[in-house]
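Let's take a walk through this fold, sheet by sheet, and then see how the pieces sit together.

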Amino acid sequence: MQKKEKLLEIRNLKQYFNIGKPNEVKAIDGISFDIYKGETLGLVGESGCGKSTTGRTIIRLYDATEGDVFFKGESVHGKKSRSELKKFNRSIQMIFQDPYASLNPRMKVSDIIAEGIDIHNLARNGKERMEQVYSLLETVGLNREHANRYPHEFSGGQRQRIGIARALAVQPEFIIADEPISALDVSIQAQVVNLMKKLQHEKGLTYLFIAHDLSMVKYISDRIGVMYFGKLVELAPAEELYSNPLHPYTQSLLSAIPLPDPEFERTRRRKTYDPSSHQYADHEEVIMREVKPGHFVHCSEQELKKYQAQYKS
Ligand SMILES: Nc1ncnc2c1ncn2[C@@H]1O[C@H](COP(=O)(O)OP(=O)(O)O)[C@@H](O)[C@H]1O
Ligand SMILES: [Mg+2]
């Protein structure tokens, strides 16, 4: 097997918000993981667990309280010159949940999409700029007639396509999609996911795909990380996470996915997660441990043994 190239290394990243001492919000509390080139890493967890903060801290919208991120081996939070920062900002783009709030209602679609082209001087003249906009519109399944319109003239799914075109305009390598389909009708969600998959394939993009439940991430993610109160509690290949969820919180998230079969749906039991079920002794180190190659769970040494036994049985 070809050795996978690490595009990003997130190391012991912490983001504490000081909302007036002593009220400190540990939005992310020491998370570490890698993102490989060309993959989609799904990041899942309930609202408020720190997913957006993770995305924003990775791209340095916030300074990290502790820890660092390495993009192609280079520190993101370390000292950077203006030109290095500009280059970094072009390599990484974001797509947001609410495509209406994130698109300026007073700007024409062409100017929204061309924002990055202008900032990074990617077109030599106005004609080239518009050619790029037209081509981007077509890439995301819209057409050149849409260039002169305003965001309110589009449906939610179309607006998300505009958001994707804007992100693609600067030819990024890595895209953080922060709940890009959560605000869309279920029928539209699959279309946007399929478009993102197609673009990934064509352009060799790497995604961090954030979602608050486990229902759609399965279709786009190669691996999935589960977050709970600022910590990563499980990380595994997508198939593996669905077939062998080990952390009780992951199990509770999976039990919440509605099933298409009404018979199953009637008998479905929602598992609730009780964090006090862990009962750690003071000296026990609770960290991410590898239960099986590539499958990590946040646990103590004792729990690791329990999880490994679960596998053998
Ligand atoms: N700028 C901020 N200032 C203070 N607290 C924040 C800020 N951003 C997020 N938080 C808090 O950090 C926690 C994680 O938030 P967030 O990353 O938005 O979660 P998620 O995206 O998983 O819903 C929440 O408790 C939230 O209230
Ligand atoms: Mg969020």
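## The four-stranded sheet

In this predicted model, 4 strands make an open sheet with antiparallel pairing, in the order 2-1-4-5. Strand 2 (24-36) and strand 5 are the edge strands, each with a single partner strand, so one side of each has no neighbour in the sheet. Strand 1 and strand 2 run antiparallel and are joined by 10 bridges. One pair to look up is Phe 17 with its bridge partner in strand 2, Val 25.

Strand 1 (residues 6-18) also holds Asn 12, which is worth a click. Asn 12 is not a glycine, yet its phi is positive, at about 45 degrees. Most residues other than glycine have a negative phi. Asn 12 counts as partly exposed because its relative accessibility is 34%.

## Around Arg 60 and His 77

A positive phi also turns up at Arg 60, again not a glycine, with a value of about 70 degrees. Arg 60 sits in the loop between helix 1 and strand 4 (66-71). With 26% relative accessibility, Arg 60 counts as partly exposed.

Which residues does His 77 touch, leaving aside those up to four places away in sequence? Arg 60 is one of them, and the others are Thr 57, Tyr 62, Asp 63, Ala 64, Asp 68 and Val 69. His 77 itself is in the loop between strand 5 (74-75) and helix 2 (82-91). From His 77 to Leu 8 is 69 residues along the sequence, and 13 Å in space from C-alpha to C-alpha.

## The eight-stranded sheet

Now for the other sheet. Here 8 strands form an open, mixed sheet in the order 6-7-8-3-9-10-12-11. Its edge strands are strand 6 (92-95) and strand 11 (287-292), each of which pairs on one side only. From one strand to the next, the twist averages 20 degrees.

Two helices pack on this sheet. Helix 1 (residues 51-58) touches strand 3, strand 7 (174-178), strand 8 and strand 9, and its direction makes about 155 degrees with that of strand 7. Helix 5 touches strand 6 and strand 7, with its direction at about 175 degrees to that of strand 6.

Is strand 3 (residues 40-44) mostly covered or mostly open? Mostly covered: 5 of its 5 residues are buried. In a regular strand, side chains alternate between the two faces of the sheet. For strand 3, Thr 40, Gly 42 and Val 44 are on one side, Leu 41 and Leu 43 are on the other, and all are buried, so both faces are covered.

On its flanks, strand 3 pairs with strand 8 (residues 206-211) in the parallel sense over 5 bridges. Strand 3 also runs parallel to strand 9 (residues 223-228), joined by 4 bridges. Here are some residue pairs to pick out on screen:

| Residue in strand 3 | Opposite strand | Partner |
|---|---|---|
| Thr 40 | strand 8 | Tyr 207 |
| Leu 41 | strand 9 | Arg 223 |
| Gly 42 | strand 8 | Phe 209 |

## Helix 3 against helix 5

Besides packing on the sheet, helix 5 (residues 156-168) has a helical partner. Its axis and that of helix 3 (residues 109-119) come within 6 Å and cross at roughly 35 degrees. From helix 3, Val 109, Ile 112, Ile 113 and Glu 115 take part, and they meet Ile 162, Ala 165 and Arg 166 of helix 5. Sorted by type, the residues of this contact are 5 nonpolar, no polar and 2 charged.

## Two domains

Finally, zoom out. The protein chain is divided into domain 1 (6-229) and domain 2 (242-313). Their C-alpha centres lie 29 Å apart.

How many residues of each domain are in contact with the other? Domain 1 brings 11 residues and domain 2 brings 8. The size of an interface is often given as the accessible area lost when the parts come together. Between domain 1 and domain 2, the buried area is about 860 Å², and carbon and sulfur atoms give 73% of it. On the domain 1 side, Leu 214, Val 226 and Tyr 228 lose the most area to domain 2, together 58% of what that side buries.

Methods: Residues are numbered from 1 along each chain as its sequence is written. Chains are lettered from A and ligands numbered from 1 in the order in which they are written. This is a predicted model: local features need pLDDT of at least 70, side-chain atom pairs count only at pLDDT 80 or more; totals for chains, interfaces and linings use all residues. Side-chain values use heavy atoms; hydrogens and water are left out. Axes are lines fitted to C-alpha atoms, for helices over the stretch in contact, and angles run from 0 to 180 degrees between N-to-C directions. Contact means heavy atoms within 4.5 Å. Ala, Val, Leu, Ile, Met, Phe, Trp, Tyr, Cys and Pro count as nonpolar, Asp, Glu, Lys and Arg as charged, and the others, Gly among them, as polar. Buried means under 20% relative accessible area, exposed over 50%, partly exposed in between (1.4 Å probe, protein chains only). Two strands pair if DSSP finds at least two bridges between them. Domain bounds come from an automatic or database domain assignment. Buried area is the accessible area (1.4 Å probe) that two parts lose on being put together, summed over both.
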